[in-house]
Amino acid sequence: MNLDEASGNHQSQLNTSDEVSGQNPPAKRLRKIEVVTEEKPDRAGERPVDRLRQMLDKHRGDRQLILLQDFPDPDALSSAWTYKLIAQQYDIHSDIIYAGALSHQENIALVKLTALPLQRWTIDVAKTKDLSAYGGCVFIDNQGTTCQLTNLVLSAGIPIAAVIDHHSLQGEIDAEFADLRPQIRATATILTEYLQAGMLVLDGSISQHVKCATALMHGLRSDTNALRQAEEEDFLAAAYLSRFYDSQLLNAVLQSSRSKWVMDAIERSLKHRIVRNNFSIAGIGYLRYDDRDSIPQAADFLVTEENVHTAVVYGIVHDRDEEIEVVIGSLRTTKLTLDPDEFIKEAFGQDAQGRFFGGGRSQAGGFEIPVGFLSGGNENSDYARLKWEVFDAQIKQKLLSLISPNDNPAYDR
């Protein structure tokens, strides 16, 4: 907890990836994870890649579940596929699963054009699965905080075999192996380092390897804003992948067109935005669950306006399968001194269990706030309008209390 938010145009979906919901796994599975770097060995003198080898060797012949955030982005998708291929070298069969939706046009194109092995498990579907067949679960590009399936999987007694992520620590998780590097811009960079260390020898004559390398390049580009925000490690990873990826395939993914729903969301964000102190804030009303990815794309668009350095777009998303409603929002910023993770956590705080409603990473963030008791009833247009006005006013009030206190209605006298 994404991490958040538009694929080749700085997609992050904390999940909301770039975006982090801040929901922690069950307390009985918590312990402290040390943030590590590939260059800096841990206290035992081992590099993360060495500890990963040990974990995989220990679990030879097992089956594992790779859990992605509910709205997986290219970084998560490509990194999970790479882990799956690496695990196969140790006779470990892995299933890559997510519970939400693929609604961003580039994500859909990536999965279809590369035949990326991905399965959608809703909560109801997961309950029909024989989870006892799995000897471990793996969180890639998330820490379990943005995945609906986390509690179900852990409650089934499946231990956490690995957590590999580039977002800030979201909570204490009991994992056999952990590689958390918030100083790196993309999880795809971490997985590429594993490849460079020889955990899987890529072969340009193997179609699956070429497609996976292409997916990794896309994931790396999307989380570094086409390498404009890349660090040294990200550039080195991109240089390595350049030997194997298919540029024509990547262009086909990047050239996928925006859907009507995305264009509608952008239009609504332009119509309803307010600008205060170089922040653009837009509430865009109700959206279908399948169109949730239009929110970060609208934020990506608004932040390009002249004299705007930060954009926040939000709406009420209705999940008909689960019959729940959630306020989902995305933040994009070009202001280097603004920390999205700190800003969102300060603006929206925590729930009764101490879980943050949102968070973020460099230049991107997101939040998810359950509507709760007020969910549903939208067949009554007057009720739906009043409900939206209440949530819209509350979100704006919390944001303006940080952005422009003098414009906050709570301070009017």
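In strand E4, Phe139 is the bridge partner of Leu67. This pairing belongs to the predicted model, in which strand E1 (residues 63–67) and strand E4 (residues 136–140) run in the parallel sense and are joined over 4 bridges. On pairing with strand E2 (residues 93–98), E1 again adopts the parallel sense, here over 5 bridges. Within this second pairing, Leu65 lies opposite Asp95 of E2. The connection from E1 to E2 passes through helix H2 (residues 74–88), and the resulting β-α-β crossover is right-handed. Strand E1 is mostly covered, with 4 of its 5 residues buried. In a regular strand, side chains alternate between the two faces of the sheet.

Arg181 is located in the loop that links strand E6 (175–180) to helix H6 (187–196). Despite carrying a charged side chain, this residue is not left at the surface: Arg181 has a relative accessible area of 0% and is therefore buried. The side chain of Arg181 forms a polar contact of 2.7 Å with the side chain of Glu193.

With respect to cysteines, the structure contains 0 disulfides. Cys147 takes part in none, the nearest cysteine sulfur being that of Cys137 at 9.1 Å; a disulfide would require the two sulfur atoms to be within 2.5 Å. Cys147 has a relative accessibility of 7% and so counts as buried. Cys212 is likewise classed as buried, because its relative accessibility is 3%, the cut-off being under 20%.

Conventions. Residues numbered from 1 in each chain as written. Predicted model: local features only at pLDDT ≥ 70, side-chain atom pairs only at ≥ 80, totals over all residues. Heavy atoms only, no water. Buried < 20%, exposed > 50% of the residue type's maximum accessible area, 1.4 Å probe, protein only. Helix = DSSP H or I, 4+ residues; strand = E, 2+ residues; numbered from the N terminus. Pairing = 2+ DSSP bridges. Right-handed = clockwise from strand over helix to strand, strands pointing away. Polar contact = N/O pair within 3.5 Å; in protein donor to acceptor, adjacent residues only side chain to side chain.
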